[in-house]
Amino acid sequence: MELVGRGIGQVFGDVTALAEIDVHVADGEVLGVIGPSGCGKSTLLAILGGLLKPSRGTVEVSGRKPPDCLAEIAYVFQDFNLLPWRTAEGNVRLPLEHHSMPEAERRERVAEALALIGLTEFAAAFPRQLSGGMRQRVGIARALAVRPAVLLLDEPLSALDAQTRELLMEDFQRIWLRDRTTAIYVTHNLTEALQLADRIAVFTRRPGRVREIVAVDVNRADRATPAGRARLAELHDHLWGAIRQEALVADRELEHA
Amino acid sequence: MPDGAMQAARPVRFRARGFVARRHPAASVVVFLALIAAWEAAVRLGLISELFLPAPSSVLAALRELIEDGTLRDNLAASLFRLLTGWAAGTIVGIAAGFAIGLSSLARAAGIPVISAIYPIPKIALLPLFILWLGIGETSRVTVVALGVFFPTCIATFGAIDNIPRGIIRMAQSFDVPPLAILRKVVLPAALPGILSAFRITAAVALLLLVAAEMIGAQSGIGAYVLAQGQLMQTDHLLAGVLVISVLGLLIGTGLSWLEKRLLTWR
Ligand SMILES: Nc1ncnc2c1ncn2[C@@H]1O[C@H](COP(=O)(O)OP(=O)(O)O)[C@@H](O)[C@H]1O
Ligand SMILES: [Mg+2]
């Protein structure tokens, strides 16, 4: 599916979080969003997914849903938002429980989502028994279980250590190569954006605006090859040049807040 | 030795001694038994008058008597009935009110000032008023217990709801979980630990108010029994009654720990 936001602005009291944002994610595209802390990335994602009414602007989805889609838009959250009293399996089941379907189908969907992300043997574990990476895998499986048309990811790997992050990026890569789900991937990590996105929107510091959109012109499958890496490194330098000044000022703003 | 001069290798000294909690299970038992033994000895040696503080053995003998002649059963039955109905009523209404305040800002605006005003009143002071309104029967005593239980339960319940991470509710909304299902599957389980830990406080409050209420104009119940034995100078029977109340408190506490363990296995 396709997702379009037009003229989105958000004001909290006297803080303007988002100035005037236009976003467009094409069917099957992964849009990366990078920007310094506090520039309104989470706010934008909440608006795009219908979790926050914007002060200004509109959001529309259109196009074909994937077969068996139960929810057009699903989230993966930075801090996982698992229910600690449910097992991994129970957490993945949650979004299926209010949809009427044969119990066998529900169980099959849960099992498939768990298997896709390598969680099958942890199905009966409670969140507190799982590592951070495994917890986020539960969060991802929960989103995949509804077979969403659009996946919104809000810094999904920011709470994880560097090695776990690499492993989960491989998982995302695999899932996107398989399903071609439309996605917005918010991060402050340039490497993540370059590995996973088709295009990257660079945000200014608050009030957030789109400063620049960079196309990642390396095939998903080629990003680990030497030539691919070299091109990504060039893009990395370019993005860092664009974002360094924003981050520097944003950092000082937070200090004085 | 001058600064910067070469020094011979030597082990780094361990400096983190002390300030660590250790378990000494034997010490607790020994001190407890020693206290009982000292008490028994002091009475037998005539250092303490048997009338003012009977020996532990006499208290146990009185307790056996209480059990054998059915006094314990009758009084305990009366007390337990008041305790359970009062506690259950206060808990149910308290949880309901706590949910209303926790979920609705209108109920919060209306309820919190009233609760803040009434909560500090020592509830036992209202018993004479309840006796005027409701008569000297069971209702007035049960009402005092219920009222004492209501406030801590209500406050703990809305406090627990306030402390639920917003994120898990937004998560459920993001998956279009219907509001009632969010209440049942997210809000209730998330608030449960807070509500259960209030049970510990309200059980103690209920027991205290029960005994006090039974000392005001009740014919039956452990509290009334303890008071009557005091007036008869039967201190061994009095202390046997106190022992029963203590054991009751202990059993309730143990029961609640068991309940918490059963309901909160995920923690
Ligand atoms: N509910 C809210 N009320 C008031 N201010 C908010 C709220 N949510 C976010 N903000 C403010 O809006 C700005 C953008 O926040 P956010 O979208 O979380 O940024 P990011 O995700 O890019 O770090 C921040 O300055 C934040 O303090
Ligand atoms: Mg954020």
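Before we look at anything, one definition: helices and strands here are DSSP runs, with at least four residues for a helix and at least two for a strand, numbered from the N terminus. Keep that in your pocket, and remember as we go that this is a predicted model.

Let's start with chain A. By that definition, the secondary structure of chain A comes to seven helices and nine strands. How compact is chain A? Its radius of gyration is 18 Å, close to the 18 Å that the globule rule gives for 257 residues, so chain A is as compact as a globular protein of that length. If you like to picture a box, the C-alpha trace spans about 50 × 45 × 40 Å along its principal axes. Of the 257 residues in chain A, 52% are buried. And if you take the contacts in chain A between residues at least 6 apart in sequence, 72% of them join residues at least 24 apart.

Now bring in chain B. Where the two chains touch, chain A contributes 21 residues and chain B contributes 17. Together they bury about 1,700 Å², and 70% of that is on carbon and sulfur atoms. Which three residues supply the most of the area that chain B buries against chain A? They are B:Phe175, B:Lys185 and B:Trp266, with 41% of it.

You'll meet B:Lys185 again right away. There is one salt bridge between chain B and chain A, and in it the side chain of B:Lys185 meets the side chain of A:Glu97, at 2.9 Å from N to O. Polar contacts join nine residue pairs between the chains, counting pairs with both residues at pLDDT 80 or more.

Which elements of chain B give two or more residues to the side that touches chain A? Those are α7, residues 166-174, and α8, residues 179-214. Helix α7 of chain B gives the most, with six residues. Sorted by type, this side of chain B has nine nonpolar, four polar and four charged residues.

Last stop: B:Glu214, which sits in helix α8 of chain B. Is B:Glu214 buried or exposed? Its relative accessible area is 1%, and the cut-off for buried is under 20%, so B:Glu214 counts as buried. What does its side chain hold on to? It makes a polar contact with the side chain of B:Ser79, at 2.8 Å. Leaving aside neighbours within four places in sequence, the residues in contact with B:Glu214 include B:Arg82, B:Arg141 and B:Gly221.

That's my tour. Thanks for listening!

Methods: Residues numbered from 1 in each chain as written. Chains lettered and ligands numbered in written order. Heavy atoms only, no water. Contact = heavy atoms within 4.5 Å. Buried area = accessible area lost by both parts, 1.4 Å probe. Salt bridge = Lys/Arg side-chain N within 4 Å of Asp/Glu carboxyl O. Polar contact = N/O pair within 3.5 Å; in protein donor to acceptor, adjacent residues only side chain to side chain. Nonpolar A, V, L, I, M, F, W, Y, C, P; charged D, E, K, R; others polar. Rg over C-alpha atoms; globule rule 2.2 N^0.38 Å. Buried < 20%, exposed > 50% of the residue type's maximum accessible area, 1.4 Å probe, protein only.
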